[in-house]
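Visitor: Please give me a close look at a single part of this model, namely the salt bridges between side chains. I should like a connected account of the partners and of how far each is covered.

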Amino acid sequence: MENVIILGTGCAGFTAGIYAARANLNPLILEGKQPGGQLTTTSEVENFPGFPEGIDGYSLMEHLRKQALKFGARVENAFVDRVALGESEKSLFAGEKIYQAKSIIIATGAAPRLLGVPGEKELFGGKGVTTCATCDGAFYRGMDVVVVGGGDSACEEALFLTRFCTKVTLIHRRNELRASKIMAERTLAHEKIEPLWDSAVDEILADEDGKARAVQVTNLKSGETKEVECKGVFIAIGHLPNTQPFKEVLPLDDNGYLIPESGSSVKTALPGVYVAGDCADHVYRQAITAAGMGCQAAIEAERWLADQA
Ligand code: NAP
């Protein structure tokens, strides 16, 4: 049986791995469907302390992975879909495989939220609809695109897309951005970005080749409907926590986020079970806060394991 299994390889998971490995717990880190987590789909990270010139998300995650491995953490690819969490033994089921540990740290992150409108599913991927400008932006060189959303992610996506695209229409359902002031100002000042306020996307329309050609948009104040021509639709409307396997065994809030025990940001009601990062944090959701929670969770796991000995 493992001392500690960490679920997730984002900032929270790898930081927990670094601390648990340095505490000689020989941690096993399970890598899910998105190795490296959400930061691997981000362009420049300018607010992670220690990188005054910024660092791209992929490189930051590679640094964290190397650091965890250097101290002896092990990484395996496994998508856990069911858990049984006993006091002295936790079982994690990944398809046919069963992992067992005395303690676990859940750092499963969050996944992009989708609009749920006609055309979205059908055109997702190579046909024009995506949630990742860093991954797909270059495919839309010289084209008009739209970004949906009004938060930091939408601004980041829109700004990134200006490197390639002719015009970026930022479609938001309200008449002001939710993004941080600096991001909002940068976005609205950019000559290639045009905001479309108070507007909701009703449908994503395809051309004869089955690729996106436009979005149909309704003005929520006037009720007027129009089409906005675009080859790419970048959806940046927030995230859903990856907490499905835990919904029967741990408390979740209405949006599916794991709820830590009162008075702690990482302890849960179950002994030896800890949470870290975006799967349990709908307030801060930053790389550095996820890393901080990973550190706290590993220290708590170490103390709990020492008490059991
Ligand atoms: P967010 O702050 O939750 O913003 C989501 C945006 O999408 C909001 O503007 C929301 O509209 C809109 N939205 C939600 N559901 C929608 C729907 N069904 N249809 C249309 N619009 C919808 O999410 P985020 O931008 O992903 O940011 C998440 C967190 O990460 C934030 O704390 C952010 O500061 C942080 N972040 C930081 C950086 C950075 O610092 N470089 C980059 C990215 C993200 P309303 O405004 O009406 O709610």
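**Salt bridges between strands**

Guide: Arg 74 has a relative accessibility of 30%, and therefore it counts as partly exposed. Please keep in mind that this is a predicted model. The partner of Arg 74 is Glu 2: their side chains meet in a salt bridge, with 2.5 Å from N to O. This pair links distant parts of the chain, since Glu 2 belongs to strand S1 (residues 2-7) and Arg 74 to strand S5 (residues 74-77), 72 residues apart. How far is Glu 2 covered, at 19% relative accessibility? Glu 2 counts as buried, because its 19% falls under the 20% limit for that class. The bridge thus brings together a buried Glu 2 and a partly exposed Arg 74.

Strand S5 also takes part in a second pair. The side chains of Lys 97 and Glu 76 form a salt bridge, at 3.5 Å from N to O. Lys 97 is located in strand S8 (residues 97-106) and Glu 76 in strand S5, so this bridge ties together parts that are 21 residues apart in sequence. Both partners count as partly exposed: Lys 97 has a relative accessibility of 42%, and Glu 76 has 28%.

A third pair consists of Lys 167 and Glu 194, whose side chains meet in a salt bridge at 3.7 Å, N to O. Here, too, distant parts of the chain are linked: Lys 167 is in strand S12 (residues 167-171), Glu 194 is in strand S13 (residues 193-196), and the two are 27 residues apart. Lys 167 is partly exposed, with a relative accessible area of 32%. Glu 194 is likewise partly exposed, at 42%. Elsewhere, Glu 31, Glu 62 and Arg 65 are joined into one network by salt bridges that share partners.

These pairs may now be placed in the whole. The structure holds eight salt bridges, and the protein chain has six helices and 19 strands. Of contacts between residues at least 6 apart in sequence, 58% join residues at least 24 apart. Buried residues, including Glu 2, make up 48% of the 309 residues. As for charge overall, the chain carries 31 positive and 41 negative charges, and the mean positions of the two sets are 3 Å apart.

Conventions
Residues are numbered from 1 along each chain as its sequence is written. This is a predicted model: local features need pLDDT of at least 70, side-chain atom pairs count only at pLDDT 80 or more; totals for chains, interfaces and linings use all residues. Side-chain values use heavy atoms; hydrogens and water are left out. Helices (H or I, at least four residues) and strands (E, at least two) are DSSP runs, numbered from the N terminus. Buried means under 20% relative accessible area, exposed over 50%, partly exposed in between (1.4 Å probe, protein chains only). Contact means heavy atoms within 4.5 Å. Lys and Arg count as positive and Asp and Glu as negative; His and the chain ends are not counted. The place of a charge is taken as NZ of Lys, CZ of Arg, CG of Asp or CD of Glu. A salt bridge is a side-chain nitrogen of Lys or Arg within 4 Å of a carboxyl oxygen of Asp or Glu.
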